[in-house]
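Notebook open, model loaded. I want to go through one sheet and then the ligand site.

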Amino acid sequence: MDNIEIANILNQIADILELKGGNKFKIGAYRHAAQIIEAMPKDINEIYKKDELEKIPGVGKSIADHIRELIETGKCKKFEKIKKYVPKSVVDLINIQGLGPKKVKFLYKKFNVKSIADLEKLVKSHRLLRFKGWGKKSEQNILKGIKLYHKFSKRFLLGRIYFLAQGILKKLKAHRDVDKAEVCGSIRRMKETIGDLDFLVTTRKPREITNFFVNLPEVQEIRAKGSTKANVLLRRGPLADLRVVKPESFGAALHYFTGSKAHNIAIRKIGVKKGLKINEYGVFKRVGKKFVKIGGEKEEDIFKAVGLPWIPPEIRQNTGEIEAAEKGKLPNLVSLKDIQGDLHMHTKWSDGENTILEMAQAAKKKGYKYIAITDHTPTVGVTHGLTPNRVLKQIKEIKKINQKVKGIKILSGIEVDIRKDGCLDLPDGILKKLDVVIASIHTAFHLPKKEMTKRIIRAMQNPNVDIIGHPTGRIINKREPYQLDLEEVFKIARKNGIVMEINAFWNRLDLNDINIRLAKNFDVKMSIDTDAHSLSGLDMMIFGVATARRGWAEKKDIINTLPLNKLLKIFK
Ligand code: DGT
Ligand code: CA
Ligand code: CA
Ligand code: ZN
């Protein structure tokens, strides 16, 4: 059992308890623990071995007991018992946007709705309209939710798969018969959702390695196995491909299986014009009637053959990267090592898990020069949103901690809520005292486009606001972005010097790659921040940076690549 499998079970327990109308506090505890375990990069089995399960934030005695049972026996009595209460297909309905546990319970008890198909039929029959709380609007919402569910249910979020892929890659690389190994496909391109995993290796012993691969503990089921190829179903849900190639073809195969397909085709076309054949085995030149191999061991060989510099995988989409490469105008993409600090994180003062000091120490370990503490304000509805009084207290506290911790500067910030009318959740007099003000929307997501745009722009006109947090509000595969005229927002951002956030949290990635490129075209500055609610949340930076790279962002576009003194000038 790994982190995600355990988190899944804890979440399912919470779902069922919710359907049963269980204790809210308890349900929250399960969800909370699941969230932490799912997002933390540390392997829960390691923590178990050290007998430190209860040290995981959010994991108390009883949840730790469940986890221990799961790791030791693969089962947990609590789950086995309450699972009998409703069929799993009913529990799954909770995940449809527009439905909550109360509604699902009602539909199940009253109409025996057990599946999405049942649900769709019932909604379309309009039989629900007779009941209190079910209107035309809820019918539409549910149908929309069903559509979204179908659209997204087959792809996996990068943040849930990335560390799994890296783990498998590490095992392949460590095998003594493996020469080179790489993960290709959408993971190498760091796409926000992943269809399947693609591994590539070179070895002199293909049979041993395909055997090794299909017998990895991450594998649930072998779907195909040949001497140089295998396809397996991983326990965490996705399929994974393995391909074994000869060393002299490694670069060509790496390029081919990295994709995107559209990029590959465009490169191959240039090759054809130059009399070259390019495929996963190499680059071949026509000599008389025959093709002679001229390269393929290194990925650079492919680009060189068509007269181009190496192009970073994240931008291989055939959306202008080849033209840019031809003109020598490839962007110099921002990278993780450029990041000097993290400007969005929560602490125990609001809904975070750790103290200010703990966050600062963890950030310092990452080599950051600064962080901003940006807890929530009351309107968000989380417990302990910061009132004006507590903001002042926190500023004092941060001053003290700054004197204790050397080598990293802690900025006083806030994630102030943008209310429905565009007003901010704290008075200007208080906002003025802070080093950094992030303004974000957490309520009233469904305003019409015009109103929503006006709302955000109003917030951006407050001179205290520095950054707009998670500007489109989408949750990948769960919640659509709000209706917003982003171009209008970017124009104002440019004019007022407001920074747009690239929220790096694994299920947000907001701005997304496309919007980042748009923001860059508007000459808008951005900041890549994790929105961490715990220490492990700080590790999400890699996904924000990858998304920025996919959006062609360079170091100069990202403000938290600046040294502290220059950064502070932006917040003036
Ligand atoms: P995914 O798995 O849906 O997230 O996306 P990818 O890009 O990983 O796609 P996948 O796994 O189907 O294939 C891996 C790579 O192999 C893909 O990015 C490009 C290459 N590839 C696959 N099929 C074709 C094809 O028909 N033509 C070309 N040129 N390349 C292909
Ligand atoms: Ca793939
Ligand atoms: Ca594949
Ligand atoms: Zn937020």
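**Sheet first, then the ligand**

I started with a single bridge: L233 has L239 of strand 7 as its bridge partner. Note to self: this is a predicted model.

Widening out from that pair, I looked up how the two strands run. Strand 6 (residues 229-234) and strand 7 (residues 239-245) are antiparallel, joined by 5 bridges. Next I traced the sheet, an open one of 5 strands in the order 2-4-7-6-5, and its pairing is mixed. Strand 2 (178-183) and strand 5 (219-225) sit at the edges, each pairing on one side only. I also checked the twist: ignoring direction, neighbouring strands here are turned by 20° against each other on average.

Then I moved to ligand 1. Which residues come nearest? Of the 15 around ligand 1, they are R155, S186, G195, D196 and R268. I sorted the shell by class and got 6 charged, 6 polar and 3 nonpolar residues.

Where does the shell come from? Domain 2 (156-244) and domain 3 (250-326) each give at least three residues. As for helices, helix 11 (185-188), helix 13 (250-258) and helix 14 (261-273) each supply at least two.

Last, I pulled the polar distances. R268 has a polar side-chain atom 2.4 Å from a nitrogen atom of ligand 1. For D198, a polar side-chain atom lies 3.1 Å from an oxygen atom of the ligand. T258 uses its backbone instead, with an N or O atom 3.5 Å from an oxygen atom of ligand 1. On coverage, ligand 1 has 590 Å² of accessible area on its own, and the protein covers 72% of that.

Terms used. Residues are numbered from 1 along each chain as its sequence is written. Chains are lettered from A and ligands numbered from 1 in the order in which they are written. This is a predicted model: local features need pLDDT of at least 70, side-chain atom pairs count only at pLDDT 80 or more; totals for chains, interfaces and linings use all residues. Side-chain values use heavy atoms; hydrogens and water are left out. A residue is near a molecule or strand if one of its heavy atoms lies within 4 Å of it. A polar contact is a pair of N or O atoms within 3.5 Å; within protein, one must be able to donate a hydrogen and the other to accept it, and residues adjacent in sequence count only if both atoms are side-chain atoms. Accessible areas come from the Shrake-Rupley method with a 1.4 Å probe; for residues, only the protein chains shown count as cover. Helices (H or I, at least four residues) and strands (E, at least two) are DSSP runs, numbered from the N terminus. Ala, Val, Leu, Ile, Met, Phe, Trp, Tyr, Cys and Pro count as nonpolar, Asp, Glu, Lys and Arg as charged, and the others, Gly among them, as polar. Domain bounds come from an automatic or database domain assignment. Two strands pair if DSSP finds at least two bridges between them. Axes are lines fitted to C-alpha atoms, for helices over the stretch in contact, and angles run from 0 to 180 degrees between N-to-C directions.
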